[in-house]
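Q: Please take a close look at one part of this structure. Describe what that part is made of, what lies beside it, and how it relates to the rest of the chain.

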Amino acid sequence: MKRNADEKHIEHVIEHVKKISLNPVPLHGTERTVVAVLGDERDVDQMRISAMPGVDKVMAVLNPYKLSGRETKKENTVINLGDNVTIGGDELSIMAGPCGIESAAQTEAAARAVKASGAKILRGGAFKPRTSPYSFEGLGEEGLKIMHDTAKRHNLKTITEIVDIRDVEVIDKHVDMFQVGARNMQNFNLLKEVGSTNKPILLKRGMSATIKELLLAAEHIMSKGNPNVALCERGIRTFETETRNTLALATVPLVKELSHLPIIVDPSHATGKPSLIGPMSKAAIAAGADGIIVEVHPNPEEALSDADQALTPAMFDSIMHELKPIADAVGRAL
Ligand code: PEP
Ligand code: MN
């Protein structure tokens, strides 16, 4: 659409696209709105749409990233979580908290600590996908309620993993952002379900997924109408066994070239080692990441999941201090 196109013009185009049985997905940028038209291009009467008021030009998008690609939207997507908390804007997003929500007291201690060190988003799983069926699988809705109440007291936003389409409603009610975990990156029904909500989503790269597959997974979400997707590099499986996964840092600048979506790095799951989380967080920010998501537990040795990679509050605090000069160097607020 033209820069000065008004809502009425945009609506008119959307109505027309629906009438010819194609799927219109508006992408609202700061400069202009792009109406992506999904479906068989042979059904599009380009001349007719070009002549509609407010339309700048009609163009075919040949690359596979119709909605997530830079070709479609030049400006970076900025996700707004409310209360001036954004992902992909000038300010870096720091998401921190325990791997799993274990109790009200544990969550309270974690929230207080991460807030004091400068995090604005509390992470924590209530539905945990575990390698063994005998491991702690989370507190379910009870965990979501603890997270909600605790975050409210500390003025934090929240993110939690969704593993089942049946939980969309209950998570939507208590938490600010969905996390789709590595194990579910290509759970297409789950992607479509969260894509049908308006809630922001952190989509984590599958441990054996290519960057192309990651972007196409985002495409699944966006094609359902939810543009608020942030990607997450959390390490991939390689032959290396000294680290839990291998952090593929080149994903960050490459995703910035290919896509307008924000990208967050998870150095906790990528390395599995507390001593490596600080250096990899700094490297992530230097490489252009929009933020980090890290595991912090008030008492790591008592953690019910991912105990050996959890940072203590003191370690997290010193990492936050070390990140400041890196953020300054790349022109990001922290
Ligand atoms: C998590 O964030 O706790 C998690 C399970 O991460 P991933 O899906 O990246 O393994
Ligand atoms: Mn974890």
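A: The answer starts from one strand and works outward through its sheet, the core, the metal site and the remaining domain.

The model is predicted. The part chosen is strand β10, which spans residues 229-233. Of its 5 residues, 5 are buried, so β10 is largely enclosed by the rest of the structure. That burial holds for both faces: Val 229, Leu 231 and Glu 233 lie on one side, Ala 230 and Cys 232 on the other, and all are buried. Glu 233 and Lys 204 are worth locating in the view, the former on the side of Val 229 and Leu 231, the latter as a bridge partner of Cys 232.

The neighbours in the sheet come next. Strand β9 (residues 201-204) is joined to β10 by 4 bridges, and the two run parallel. Strand β11 (residues 263-265) is also parallel to β10, with 3 bridges between them. Cys 232 takes part in both pairings: Lys 204 has Cys 232 as its bridge partner in β10, and Ile 264 in β11 stands opposite Cys 232.

These pairings belong to a closed arrangement. The barrel consists of 8 strands with parallel pairing, in the order β5-β6-β7-β8-β9-β10-β11-β12. From one strand to the next the twist averages 25 degrees. Helix α4 (residues 141-154) packs on the sheet, where it touches β6 (121-123) and β7 (157-161). The direction of α4 makes about 165 degrees with that of β7.

Leu 231, already placed in β10, also has a role in the nonpolar packing. The largest nonpolar core has 64 residues, and Leu 203, Leu 231 and Phe 316 are those with the most contacts inside it. Helix α7 (residues 211-222) gives the most to this core, contributing 7 residues. Both domain 1 (7-50) and domain 2 (79-329) supply at least three residues to it. Another core lies apart from this one; it has 13 residues, including Ile 87, Ile 121, Ile 159 and Leu 202.

Phe 316 gives a detailed view of the contacts in this region. Leaving out residues up to four places away in sequence, it touches Ile 94, Ala 96, Val 114, Ser 117, Ala 119, Val 294, Val 296 and Leu 311.

The metal site is another feature to which separate stretches of the chain contribute. The manganese ion (ligand 2) is coordinated at 2.0 to 2.4 Å by Cys 99 (SG), His 269 (NE2), Glu 295 (OE) and Asp 306 (OD). Along the chain these donors follow the spacing C-x169-H-x25-E-x10-D. His 269 in helix α9 (residues 267-271) and Asp 306 in the loop between β12 (291-295) and α11 (313-329) are 37 residues apart, so that this pair links distant parts of the chain. His 269 has a relative accessible area of 8% and is buried. Asp 306 has a value of 16% and is buried as well, because the cut-off for that class is under 20%.

Away from the barrel, the domain assignment gives domain 1 (7-50) beside domain 2 (79-329). Their C-alpha centres lie 34 Å apart. In the first of these stretches, β1 and β2 (residues 33-38) run antiparallel and are joined by 6 bridges. A hairpin through 4 residues connects them, and within the pairing Leu 27 has Val 34 as its bridge partner in β2.

Helix α2 (residues 46-50) holds Ile 49, which counts as buried at 7% relative accessibility. With residues up to four places away in sequence left out, Ile 49 touches His 16, Val 44, Val 55 and Val 58. Ile 49 and Met 315 are 266 residues apart in sequence, and their C-alpha atoms are 57 Å apart in space.

Two loop residues round off the picture. Ser 21, in the loop between α1 (7-19) and β1 (23-28), has a positive phi of about 60 degrees although it is not a glycine. Asn 84, in the loop between β3 (79-82) and β4 (85-87), likewise has a positive phi, near 65 degrees. Most residues other than glycine have a negative phi. Both residues are exposed, Ser 21 at 66% relative accessibility and Asn 84 at 70%. Strand β10, with 5 of 5 residues buried, is the contrasting case.

Notes. Residues numbered from 1 in each chain as written. Chains lettered and ligands numbered in written order. Predicted model: local features only at pLDDT ≥ 70, side-chain atom pairs only at ≥ 80, totals over all residues. Heavy atoms only, no water. Donors = N, O, S within 2.8 Å, 3.2 Å for Na, K, Ca; no water. Buried < 20%, exposed > 50% of the residue type's maximum accessible area, 1.4 Å probe, protein only. Core = buried A, V, L, I, M, F, W, Y, C linked by side-chain atoms within 4.5 Å. Domains from an automatic or database assignment. Contact = heavy atoms within 4.5 Å. Pairing = 2+ DSSP bridges. Axes fitted to C-alpha atoms, helices over the stretch in contact; angles between N-to-C directions.
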